[in-house]
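Student: I should like to learn how to read a structural model in an orderly way. Might we work through an example together?

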Amino acid sequence: MSISELYYWGGLEFMNTISIIGIIMVVFMVMRIMKVSTSIFSPAKSLNLMKEAGTLALVIGVLGQIIGLFSAMMAIESAGGVSMGVLAAGIKVSTITTLYGFLVFVISRLASLIIQATAKSE
């Protein structure tokens, strides 16, 4: 099982959304590390937005899992019952988006901790 297969199984609409949020999070991270200050973003605001992007990725991942589980339960209901193996496979696939969102969330929180720990008093 490759990473690209997991990405596809997770559902492209949710996985792509989480990836875009992850890219935006990295942009805010770089802006904070380089202390880019514009009329819209200050370094402190960039740090806060980076953390919020990580939280949003986690929430989107959980939403993807809930929708996946709901769809799986509807399919099981219409089929009139399935084997335990098929049920386990459906649950396994539904967790992919949550795991991916959680990964982006953890990266944002770790980066935040490192940035705050190494920041000089401003």
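Tutor: The discussion below proceeds from the overall fold to individual helices and residues. Please keep in mind that this is a predicted model.

Student: Which secondary structure elements does the chain contain, and in what pattern?

Tutor: The chain has five helices and zero strands, so its pattern along the sequence reads α-α-α-α-α.

Student: What radius of gyration does the chain have, and what would a compact globule have?

Tutor: One compares the value with that of a compact globule with the given number of residues. For 122 residues a compact globule would come near 14 Å, but the chain has 18 Å. The C-alpha trace spans about 65 × 25 × 20 Å along its principal axes. Of the residues in the chain, 30% count as buried. Among contacts with a separation of 6 or more, 76% join residues 24 or more positions apart.

Student: How many residues does helix α5 have, and what should they span?

Tutor: The idea is to compare the end-to-end distance with a rise of 1.5 Å a residue. Helix α5, residues 96-118, has 23 residues and should span 33 Å; its end C-alpha atoms are 33 Å apart, which agrees. For α2, with 22 residues, the reach from first to last C-alpha is 31 Å, close to the expected 32 Å. Lysine 35, which follows α2, has a positive phi near 55 degrees.

Student: Which residues of α5 are buried, and against which helices do they pack?

Tutor: An α-helix has 3.6 residues a turn, so residues three or four places apart point the same way. In α5 the buried residues include Gly101, Val104, Phe105, Ser108, Ala111, Ser112 and Ile115. The buried residues of α5 pack against α1, α2, α3 and α4. Those of α2, among them Phe14, Ile18, Met25 and Phe28, pack against α1, α3 and α5.

Student: Is serine 94 buried or exposed?

Tutor: Relative accessibility decides this, with buried meaning under 20%. Serine 94, in helix α4, has 6% relative accessibility and therefore counts as buried. Beyond residues up to four places away in sequence, serine 94 touches Gln65, Gly68 and Leu69.

Student: Which residues make the nonpolar surface patch?

Tutor: Such a patch joins nonpolar side chains that have over 30% relative accessible area. Here Met1, Leu6, Tyr8, Trp9 and Leu12 make a patch of about 540 Å². Helix α1, residues 3-9, gives the most, with three residues. Leucine 6 lies in that helix and, at 30% relative accessibility, counts as partly exposed. Over the whole chain, about 7,700 Å² is exposed, and carbon and sulfur atoms supply 73% of it.

Technical notes. Residues are numbered from 1 along each chain as its sequence is written. This is a predicted model: local features need pLDDT of at least 70, side-chain atom pairs count only at pLDDT 80 or more; totals for chains, interfaces and linings use all residues. Side-chain values use heavy atoms; hydrogens and water are left out. Patches are made of residues with over 30% relative accessible area and no salt bridge: like charges are joined within 9 Å, nonpolar side chains (Val, Leu, Ile, Met, Phe, Trp, Tyr) within 5 Å. Accessible areas come from the Shrake-Rupley method with a 1.4 Å probe; for residues, only the protein chains shown count as cover. A salt bridge is a side-chain nitrogen of Lys or Arg within 4 Å of a carboxyl oxygen of Asp or Glu. Helices (H or I, at least four residues) and strands (E, at least two) are DSSP runs, numbered from the N terminus. Buried means under 20% relative accessible area, exposed over 50%, partly exposed in between (1.4 Å probe, protein chains only). The expected span of a helix is 1.5 Å times one less than its number of residues. Contact means heavy atoms within 4.5 Å. The radius of gyration is taken over C-alpha atoms; the globule rule is 2.2 Å times the number of residues to the power 0.38.
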